[in-house]
Amino acid sequence: MTHASEQRRFTQLNRTVLLVADLLSGKAHDRQSAAERLGIQPVAADRQLRAIEKLPGVKAIKEGRRRVFRFDTTALTEAPPLAVLIGACFGASLAPLFEGTPYRKALNDARDRLLRQSRRRGSFQDVERKFVFLSQGGEISLPDKDANLEELLGALLEQHPVALVYEDFSGKVSTRRVEPLSLAVYKHQLYLIGRESDGGFRSFRFARIRTTEARGRAFKYPSKAEYDPEQVFAHSFGIFGNEAQGVEKVELKLHPRWATHVRSHRWHRSQRIRVSDQEVRLSVDVAICPEVEAWVLSFGEDAEVLRPVSLRKTIAERVRRLAGLYAAP
């Protein structure tokens with residue numbers, strides 16, 4: 001074989017690889033676009049396209065007077081089941097929470113890649129409006145604290161302790177050394193769940209983490225018997241708990257107008273209800289914390305705390321202060 005013929009075969013192979021790479025990446029080509037991509041005449045591009053049409057997954061479709069070549073990923077891969085597609089749609093619905101970061105686009109791209117592999121693509125038209133996460137205020141610290149998120153995610157995945165400069169609810173700033181165990185979404189906000197040096201688990205509001213720095217050697221991630229988020233928060237009424245106070249039965253008496261809502265809503269897994277024409281009884285087994293107090297007060301005059309006595313007294317005192325605040329001058 002002469003050098004010239006070898007060169008022609010090499011050039012031909014390069015062009016074939018270039019077109020196949022384009023199709024695999026999701027691009028489409030007709031004779032004109034292929035000619036421009038390869039820097040050859042449309043007639044030569046036709047020959048290239050006819051050659052790759054025989055490859056598995058390459059499809060030629062008539063669009064008007066054009067023959068458009070695309071790659072059908074379902075020809076080489078098993079189509080994902082419907083549950084996987086819907087799971088990806090729910091995952092992508094969280095994308096607005098990560099506004100301004102690469103993760104917003106990545107969540108949508110992951111969904112779209114799976115949809116391209118599906119034979120049910122037609123069922124997923126306007127999918128971004130069919131599966132929706134209403135982010136309300138969203139994560140206020142993004143994208144400004146994108147660097148903090150990157151550092152935290154790296155430490156979480158590689159199991160490195162982190163030094164946090166953290167501002168608590170009262171405004172006090174301190175440096176904390178934490179082993180990052182989970183990144184949680186709660187009420188449209190991000191929280192880090194970490195283990196501190198005393199072995200206790202604590203939640204840190206991501207927006208109040210001023211700086212994050214991975215430090216020290218990797219730690220061994222705890223077994224499920226040692227750390228299970230479901231168990232850690234089993235008796236919490238939110239993202240924060242106060243296990244030191246122990247778990248108590250909180251029982252409320254609600255106005256009868258809450259009957260329908262109570263039957264169709266669950267505030268906590270331990271919830272129990274008893275409904276009659278005169279009242280609604282609602283009870284949960286939780287550790288008393290400010291979130292429980294805020295929950296009781298959210299019912300306004302429609303709720304009375306029956307137990308525990310300590311919570312009843314706390315709510316009564318807060319109501320007296322509230323009444324004083326709104327009293328006529």
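Contact here means heavy atoms within 4.5 Å. The model is predicted, and the stops below are best taken in order.

**Stop 1: V296.** Select V296 and display its surroundings. Leaving aside residues up to four places away in sequence, V296 touches L252, A303, V305, L311 and I315.

**Stop 2: the core around V296.** Widen the selection to the largest nonpolar core, which has 20 residues. V296 is among the residues that touch the most other members, together with V250, L252, L254, V292, W295 and L311. Colour by element next: β8 (247-254), α9 (259-263), β10 (280-287), α10 (290-298) and α11 (309-326) each give two or more residues to this core. The most come from β10, which gives four. In soluble globular proteins, nonpolar side chains tend to be buried together.

**Stop 3: a separate core.** Apart from that core lies another, of 16 residues. Select L152, L164, V178 and L190, which are among its members.

**Stop 4: the sheet.** Show strands β3 to β7 as ribbons. They form an open sheet of five strands in the order β6-β5-β4-β3-β7, with antiparallel pairing. At the edges are β6 (201-205) and β7 (209-214), each of which pairs on one side only. From one strand to the next, the twist averages 45°. Now pick out β4 (residues 173-186) and β5 (residues 189-195), which pair in the antiparallel sense over seven bridges. Y186 has Q189, in β5, as its bridge partner.

**Stop 5: helix α7.** Select residues 146-158. This helix, α7, lies across β3 (162-167), β4, β5 and β7, and runs at about 40° to β7. For a check with the distance tool, take its end C-alpha atoms: they are 18 Å apart, which agrees with the 18 Å that 13 residues should span at 1.5 Å a residue.

Which residues of α7 are buried? They are N148, L149, L152, A155 and L156. Look down the helix axis: the buried residues of α7 fall within an arc of 135°, so they line one face of the helix. An α-helix has 3.6 residues a turn, so residues three or four places apart point the same way. The cover over the buried residues of α7 includes α5 (102-116), β3, β4, β5 and β7.

Turn to the face of α7 that points away from its buried side. The exposed residues there are A147, L157 and E158.

**Stop 6: the residue after α7.** Finish at Q159, which follows α7 and has a positive phi, near 60°.

Terms used. Residues numbered from 1 in each chain as written. Predicted model: local features only at pLDDT ≥ 70, side-chain atom pairs only at ≥ 80, totals over all residues. Heavy atoms only, no water. Pairing = 2+ DSSP bridges. Axes fitted to C-alpha atoms, helices over the stretch in contact; angles between N-to-C directions. Core = buried A, V, L, I, M, F, W, Y, C linked by side-chain atoms within 4.5 Å. Buried < 20%, exposed > 50% of the residue type's maximum accessible area, 1.4 Å probe, protein only. Expected span 1.5 Å × (residues − 1). Arc of directions from axis to C-beta.
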